[in-house]
Amino acid sequence: MTTREFGDVELRKVRENVWEISREGDMRTPARVLASEALLEQIGGDKTLEQLQNATHLPGISKYAICMPDGHQGYGFPVGGVGATDCEDGCISPGAVGYDINCGVRMMKTNLTYDDLQGKEEELVDALFRAIPSGLGGGGVVKGDMDTINDILERGMQWALDEGWATEDDLAHCEDEGFRDDAKPEYVSKKAKDRGRNQIGSLGSGNHFLEVQRVTDIYRDDVAEKFGLEEDQIVVLIHCGSRGLGHQTCTDYLRRIEKEHSDLLESLPDRELAAAPAGSKLAEEYYGAMCAAINFAWVNRQLIMFRTRQVFENVFERDWEDMEMNLLYDVAHNIAKKEVHDVGVDADGTPVASEDAVAREERELYVHRKGATRAFPAGRPELPPAYAEVGQPVIIPGSMGSGSYVLRGGENSLDLTFGSTAHGAGRLMSRTKAKQEYWGETVQEELREQEKIYVKAQSGATVAEEAPGVYKDVDEVVRVSDELGIGDKVARTFPVCNIKG
């Protein structure tokens with residue numbers, strides 16, 4: 001039996017690309033890492049494994065705490081982590097969702113080819129950078145009053161449709177149609193709403209970006225045809241979240257948990273895993289506030305897409321409908337959703353790891369995906385009609401110097417990962433170290449001269465923090481996902497233009 005040790009954590013190899021931390025002490029379940037040998041070496045280089053092991057102490061956690069191939073150290077719960085807790089006897093954890101609630105990605109297709117774009121790269125990247133607000137602080141496509149914010153929080157993309165910022169087709173190709181009906185704006189603080197009022201339709205900073213890409217490879221012709229993808233096609237990838245509103249919402253509830261559920265907090269090995277007991281007033285209020293922030297993030301990405309369509313119209317002198325600038329899909333990363341899953345239970349009906357189960361039951365669970373993407377296979381009722389027979393599109397960004405991928409939910413995802421896969425390449429290097437290792441202007445120049453990738457950002461420091469060498473190998477992350485059957489490769493894209501905060 002192959003084993004690996006990283007500090008005090010020992011993992012045994014269950015099978016290819018699957019490693020397990022055995023249950024011991026107060027752990028409620030084992031933990032599993034889905035990674036190749038090379039990726040495991042990188043995952044074991046920070047506190048990811050310790051954080052994953054700590055996550056198994058969450059009340060009501062089912063089956064396993066899971067780390068995806070792109071996993072790295074986060075706040076309490078590792079980025080790239082999935083944990084499903086029972087909606088009746090478990091808990092919901094803001095620390096296992098993250099600060100940027102519904103940080104996610106959407107991909108917009110076009111009928112343009114790379115030939116159509118060549119020679120216009122600098123004009124396009126400059127126009128996008130001028131038109132789409134980015135960077136720290138305020139500035140958005142829309143500046144809303146309190147009524148507008150409450151409407152967005154309650155109705156999500158339906159608000160964008162009614163206000164002329166979206167089409168019916170946009171909603172039909174968004175996870176949950178861009179609307180969580182459990183949203184409760186009254187549980188979002190005034191401070192959070194104030195932070196969001198002037199950030200509606202803005203990228204923000206950090207690893208958020210808008211990238212124009214070309215499709216370079218198709219791996220599954222039949223699925224790609226259903227998705228509307230073909231080689232040499234131009235697509236646009238938008239990556240951002242709920243901005244200051246989501247951050248403040250997470251902060252508010254972490255502080256309330258410290259005051260109202262200190263007993264649960266004290267029972268956990270890491271206070272950053274802060275959780276509220278299922279059924280408690282605080283759990284219900286956090287879930288309502290989180291769903292409202294999810295709605296805000298979907299609107300945020302929609303307004304950026306609307307503005308992108310306008311830029312393309314100006315640069316290419318054609319209507320966006322004529323360029324077929326339609327949404328492929330929008331998927332959330334940092335989220336906890338009530339979902340029904342088949343789980344193993346012991347003689348008392350308590351959810352346990354599969355090997356300890358004496359029976360199986362369908363249970364409603366809070367599925368926490370922190371830096372992980374929902375990846376439902378064909379037939380799952382939550383899928384939009386367009387993808388019901390082929391499986392959910394999954395979008396996995398790489399760095400601004402490497403390819404990104406479109407996958408589809410794999411047949412093994414429900415059994416192995418509660419219907420989840422990776423969300424990106426995953427960081428290798430902290431932002432502080434990145435700025436010591438890289439010079440932003442040099443990175444921009446090398447990308448332009450060597451790869452014909454045009455990057456525009458608010459500062460050189462932002463480019464340095466997001467240099468290609470800062471991230472894991474996205475090709476390896478996707479290879480593991482594909483081999484495990486949790487997310488199947490459909491297409492690969494490569495950057496042409498990139499704007500960052």
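## Overall build

With 501 residues, this protein would be expected to have a radius of gyration near 23 Å if it were a compact globule, and its 21 Å agrees with that. That radius is taken over C-alpha atoms, and the globule rule is 2.2 Å times the number of residues to the power 0.38. Bear in mind that this is a predicted model, in which local features need pLDDT of at least 70, side-chain atom pairs count only at pLDDT 80 or more, and totals for chains, interfaces and linings use all residues. Residues are numbered from 1 along each chain as its sequence is written, and side-chain values use heavy atoms, with hydrogens and water left out.

The C-alpha atoms fill a box of roughly 65 × 50 × 45 Å along the principal axes. Inside it there are 17 helices and 20 strands; these are DSSP runs numbered from the N terminus, with helices being H or I of at least four residues and strands E of at least two.

## Inside and outside

Of the 501 residues, 64% count as buried. Here, buried means under 20% relative accessible area, exposed means over 50%, and partly exposed is in between (1.4 Å probe, protein chains only). The protein exposes about 18,400 Å², and carbon and sulfur atoms supply 40% of that. The areas come from the Shrake-Rupley method with a 1.4 Å probe, and for residues only the protein chains shown count as cover.

The chain also folds back on itself a good deal: among contacts between residues at least 6 apart in sequence, 78% join residues at least 24 apart. A contact means heavy atoms within 4.5 Å.

## The eight-stranded sheet

One open sheet has 8 strands in the order β1-β2-β3-β4-β5-β6-β14-β13, with mixed pairing. Two strands pair if DSSP finds at least two bridges between them. At the edges stand β1 (3-6) and β13, each with a single partner strand, so one side of each has no neighbour in the sheet. Neighbouring strands are turned by 30° against each other on average, direction ignored. Axes for such angles are lines fitted to C-alpha atoms, for helices over the stretch in contact, and angles run from 0 to 180 degrees between N-to-C directions.

At one edge, β1 pairs with β2 (residues 9-15) in the antiparallel sense over 4 bridges, and Thr3 has Arg12 in β2 as its bridge partner. Helix α2 (residues 48-55) packs on the sheet, touching β1, β2, β3 (18-21), β4 (31-34) and β5 (65-72), and its direction makes about 160° with that of β5. Helix α12 packs on the sheet too, touching β13 and β14 (359-370), with its direction at about 120° to that of β13.

## Strand β8 and its partners

Strand β8 (residues 104-113) has 8 of its 10 residues buried, so the rest of the structure largely encloses it. It pairs in the antiparallel sense with β10 (residues 233-240) over 7 bridges, where Met107 has Leu237 as its bridge partner. With β12 (residues 327-332), β8 again pairs in the antiparallel sense, over 5 bridges; there, Gly104 is matched with Ala332.

## A closer look at α12

Gln302 sits in helix α12 and is buried, at 0% relative accessibility. Leaving aside neighbours within four places in sequence, Gln302 contacts Arg106, Met157, Ala160, Trp165, Ala166, Asp170 and Arg309.

Helix α12 also holds one end of a salt bridge: Glu285 meets Arg256 at 2.8 Å, N to O. Arg256 lies in α10 (residues 243-260) and Glu285 in α12 (residues 281-316), so the pair ties together parts that are 29 residues apart in sequence. Arg256 is partly exposed at 23% relative accessibility, whereas Glu285 is buried at 8%.

## Salt bridges across the chain

The structure holds 38 salt bridges, each being a side-chain nitrogen of Lys or Arg within 4 Å of a carboxyl oxygen of Asp or Glu. In one of these, Asp176 meets Lys337 at 2.8 Å, N to O. This pair links distant parts of the chain, 161 residues apart: Asp176 is in the loop between α7 (168-172) and α8 (190-197), and Lys337 is in β13 (residues 335-345). Lys337 is buried at 2% relative accessibility. Both residues belong to a salt-bridge network with Glu175, Arg180, Asp182 and Arg374.

Asp482 and Arg220 form another salt bridge, with their closest N and O atoms 3.2 Å apart. Here the two ends are 262 residues apart, with Asp482 in α17 (residues 474-484) and Arg220 in the loop between β9 (209-218) and α9 (221-227). Asp482 is partly exposed at 21% relative accessibility, and Arg220 is partly exposed at 25%.
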